[in-house]
Amino acid sequence: MINSIAFFSTEHQKITRKPLYKTTLLKYLALFYYKVFSESGEPPLELSFIAMENGPVAEEVYVGINENAFNVAEFEIIKSTTSNDSEQIQILGKSYNLDFFSEFEIEIMNELIQNFATMYKNNTAIIDATHELRPWKIAWENRGKSRLKKMNDEDIFDESFQNTLASEHYAIYKNLRDISGAHFSR
């Protein structure tokens, strides 16, 4: 997770010449996570997502940034207050190590940066993209009166997922995860 945060913050800033805000980082992570998951049958990071009004939010990252739990060399978190007393949180990337990611995952990360940072004016396009994620749509529609709802990762798969190599890979991944209880971090 640390290296993905550092990658997105570093590369976004290189292209936009603007810092990456927490809200946009959360969108990059969700798009990365679900794109890789839907195509490979295995999530690239151990994250859990909740559906909020402006899209999916990785709980571990949201809480970690808000509570200053990340004390790492790969990025810095800058908190400031705006003129209307709202808090702005910027993530400034310093370094990252892509050795933890497959070529496919790196390709997806670069694709996301090219798609959203290259033409970045505001985060409307990336918000729209996260609102198209099937797990977010399903959770948001079923939230009732709540302002947030836990997302089900398996909702990324629709009927066309059945009998694919990715579905077979997911079945193996899920069984191994369930019996091992192990977690990993990138």
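This passage describes helix H7, its contact with helix H2, and two loop residues in a predicted model.

Helix H7 comprises 16 residues, from 165 to 180, and spans 23 Å between its first and last C-alpha, a value close to the 22 Å expected at 1.5 Å a residue. The buried residues of this helix are Ala166, Ser167, Tyr170 and Tyr173. Because these residues cover an arc of only 120° around the axis, they lie on the same side of H7. On the other side of the helix, by contrast, Leu165, Ile172, Leu176 and Ile179 are exposed.

The cover over the buried residues of H7 includes helix H2, which runs from residue 22 to residue 40. The axes of H2 and H7 come within 6 Å and cross at roughly 105°, and H2 is therefore roughly perpendicular to H7, since angles of 65 to 115 degrees are counted in that class. In this contact, Phe37, Ser38, Glu39 and Ser40 of H2 meet Ala166, His169 and Tyr170 of H7. By character, the residues of the contact divide into three nonpolar, three polar and one charged.

Two residues in loops have a backbone angle that deserves mention. Arginine 17, although not a glycine, has a positive phi of about 60°; this residue is found in the loop between helix H1 (2-16) and strand S1 (20-21), and with a relative accessibility of 72% it counts as exposed. Asparagine 68, which is likewise a residue other than glycine, has a positive phi near 55°. Asparagine 68 is placed in the loop between helix H3 (59-66) and strand S4 (75-81), where its relative accessible area of 52% makes it exposed, the cut-off being over 50%.

Notes:
Residues are numbered from 1 along each chain as its sequence is written. This is a predicted model: local features need pLDDT of at least 70, side-chain atom pairs count only at pLDDT 80 or more; totals for chains, interfaces and linings use all residues. Side-chain values use heavy atoms; hydrogens and water are left out. Helices (H or I, at least four residues) and strands (E, at least two) are DSSP runs, numbered from the N terminus. The expected span of a helix is 1.5 Å times one less than its number of residues. Buried means under 20% relative accessible area, exposed over 50%, partly exposed in between (1.4 Å probe, protein chains only). The arc is that of the directions from the helix axis to the C-beta atoms. Contact means heavy atoms within 4.5 Å. Axes are lines fitted to C-alpha atoms, for helices over the stretch in contact, and angles run from 0 to 180 degrees between N-to-C directions. Angles under 35 degrees count as roughly parallel, over 145 as roughly antiparallel, 65 to 115 as roughly perpendicular and the rest as oblique. Ala, Val, Leu, Ile, Met, Phe, Trp, Tyr, Cys and Pro count as nonpolar, Asp, Glu, Lys and Arg as charged, and the others, Gly among them, as polar.
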